[in-house]
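Please look over the model shown here. This report takes up its salt bridges and then one of its strands.

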Amino acid sequence: PATSSDLAHQPALSPDGRLTVTAPANGEIQRYVQQVSSRFGALAVSQDGTRAVSYVCQSRLWKNCDEPGSDDSNIAIPSGKIARDEALTRCRSQSGAACILVFINDDQQREFAVQP
């Protein structure tokens, strides 16, 4: 259950659920969108909207993101899922709180606005 202190930690989320990001975070988002084109990756934004953290797979294969030589593995995890977990983990470790997933590959998962 959310406590009032949790809510105070989420100024970027407006009451209608829209996410607002700072201009520097938006710069990261735009760089990610250019970088991820024809590749796999994910981008997460901190709850306060001040940082965007992305992870782009080196491999352009549908499966197994950055693990060359794992073709003989029976387990193929879609690259977007690997990238999603990496982006969320890195964002959480940098911001100290759970993050909000905004992109998987070049599919936007969440609407956002840029702070004026």
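How exposed is Arg90, in relative accessibility? Arg90 counts as partly exposed, at 37% relative accessibility. Here buried means under 20% relative accessible area, exposed means over 50%, and partly exposed lies in between (1.4 Å probe, protein chains only).

## Basis of the values

This is a predicted model: local features need pLDDT of at least 70, side-chain atom pairs count only at pLDDT 80 or more, and totals for chains, interfaces and linings use all residues. Residues are numbered from 1 along each chain as its sequence is written, and side-chain values use heavy atoms, with hydrogens and water left out.

## Salt bridges in helix 3

The structure holds 4 salt bridges. The term covers a side-chain nitrogen of Lys or Arg within 4 Å of a carboxyl oxygen of Asp or Glu. One of the 4 links Arg90 to Glu86, with the closest N and O atoms 3.2 Å apart. Both residues belong to helix 3, 4 residues apart, so about one helical turn separates them. Glu86 is partly exposed, at 30% relative accessibility.

Salt bridges that share partners join Lys81, Arg84 and Asp85 into one network. Lys81 meets Asp85 at 3.6 Å, N to O. This pair also lies in helix 3 (residues 79–95), 4 residues apart, about one turn of the helix. Arg84 meets Asp85 at 3.2 Å, N to O. Each member of the network is partly exposed: Lys81 at 39% relative accessibility, Arg84 at 27% and Asp85 at 32%.

Helices (H or I, at least four residues) and strands (E, at least two) are DSSP runs, numbered from the N terminus.

## Strand 2, buried on both sides

Strand 2 spans residues 41–46. Why is strand 2 described as largely enclosed by the rest of the structure? The reason is burial: 6 of its 6 residues are buried. Gly41, Leu43 and Val45 point one way. Ala42, Ala44 and Ser46 point the other way.

## Partners of strand 2

Two strands count as paired if DSSP finds at least two bridges between them. Strand 2 pairs with strand 3 (residues 52–56) in the antiparallel sense, over 5 bridges. Ala42 has Tyr55 of strand 3 as its bridge partner. The two strands form a hairpin, with 5 residues between them. Gly49 sits in the turn, with a positive phi of about 75 degrees.

Strand 4 (residues 99–104) also pairs with strand 2. This pairing is antiparallel and runs over 5 bridges. Leu43 of strand 2 stands opposite Phe103 in strand 4.
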